[in-house]
Amino acid sequence: QSRIALLVSSPISARPMNRQEVLEAMRQDGSALRYAAAPLRADREFVLEVVRQNGCALSCAAAPLKADRELVLEAVRQNGHALSFAAD
């Protein structure tokens, strides 16, 4: 069972994952950003680090970050499909 599945199904999963937990989980499941606390999903430097590992994680970023040109370009460099998650 993956770490993500264990976190989601465990009693502690009622709390959002912290920065280190999300980065660790990203190594196993690129979509782990969706489990992060809202402040982490809005943290530009954190999300930039995450989309460098998985461009499609842009889909879980806070709305203002989806309009951040540099962040979107990094996400698209990692995965061209990430462009579909960018703000118009």
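A36 touches P16, M17, V22 and R41, leaving out residues up to four places away in sequence; contact here means heavy atoms within 4.5 Å. This residue is found in the loop between α2 and α3, where helices are DSSP runs of H or I with at least four residues, strands are E runs of at least two, and both are numbered from the N terminus. A36 is buried, at a relative accessible area of 4%. Buried means under 20% relative accessible area, exposed means over 50%, and partly exposed lies in between, with a 1.4 Å probe and protein chains only. One of the partners of A36, V22, is 14 residues away along the chain, yet the two C-alpha atoms are separated by 6.4 Å.

A word on what you are looking at: this is a predicted model, in which local features need pLDDT of at least 70 and side-chain atom pairs count only at pLDDT 80 or more, while totals for chains, interfaces and linings use all residues. Residues are numbered from 1 along each chain as its sequence is written, and side-chain values use heavy atoms, with hydrogens and water left out.

**The overall fold**

The protein has five helices and zero strands, so-called α-α-α-α-α when the pattern is read along the sequence. There are 88 residues in the protein, and 39% of them count as buried. Of the contacts between residues at least 6 apart in sequence, 38% join residues at least 24 apart. The protein exposes about 5,000 Å², with carbon and sulfur atoms supplying 53% of it; accessible areas come from the Shrake-Rupley method with a 1.4 Å probe, and for residues only the protein chains shown count as cover.

**The nonpolar core**

In soluble globular proteins, nonpolar side chains tend to be buried together. Here the largest nonpolar core has 24 residues, and V22, L33, F46, V51 and L58 touch the most other members. Such a core is a set of buried Ala, Val, Leu, Ile, Met, Phe, Trp, Tyr and Cys residues joined through side-chain atoms within 4.5 Å. Two or more residues are given to this core by each of α2 (19-26), α4 (44-53) and α5 (69-78). The largest share, five residues, comes from α4.

L33 shows how far these contacts reach. Setting aside neighbours within four places in sequence, L33 is in contact with V22, M26, R41, F46, V50, A57, C60 and A61.

**Helices α4 and α5**

The buried residues of α4 are F46, V47, L48, V50 and V51, and they pack against α2, α3 (38-41) and α5. At the N-terminal end of α4, D43 acts as a cap: a side-chain oxygen lies 3.1 Å from the backbone nitrogen of E45. A polar contact is a pair of N or O atoms within 3.5 Å; within protein, one must be able to donate a hydrogen and the other to accept it, and residues adjacent in sequence count only if both atoms are side-chain atoms.

In α5, the buried residues are L71, V72, E74 and A75. They lie on the same side of α5 because they cover an arc of only 160° around the axis, the arc being that of the directions from the helix axis to the C-beta atoms. What covers these buried residues includes α4. The face of α5 turned away from the buried side carries the exposed residues R69 and R77. At the start of α5, a side-chain oxygen of D68 reaches to within 3.1 Å of the backbone nitrogen of E70.

E74 is worth a look in the viewer. Leaving out residues up to four places away in sequence, E74 touches L48, V51 and R52. R69, also placed in helix α5, has its C-alpha atom 8.9 Å from that of A86, 17 residues apart along the chain.

**Accessibility at a glance**

| Residue | Relative accessibility | Class |
|---|---|---|
| E74 | 17% | buried |
| C60 | 18% | buried |
| C56 | 24% | partly exposed |
| R69 | 67% | exposed |

**The cysteines**

Why are C56 and C60 not bonded to each other? The sulfur of C56 is 9.7 Å from the closest cysteine sulfur, in C60, which is too far for a bond. The structure holds zero disulfides, a disulfide being a pair of cysteine sulfur atoms within 2.5 Å.
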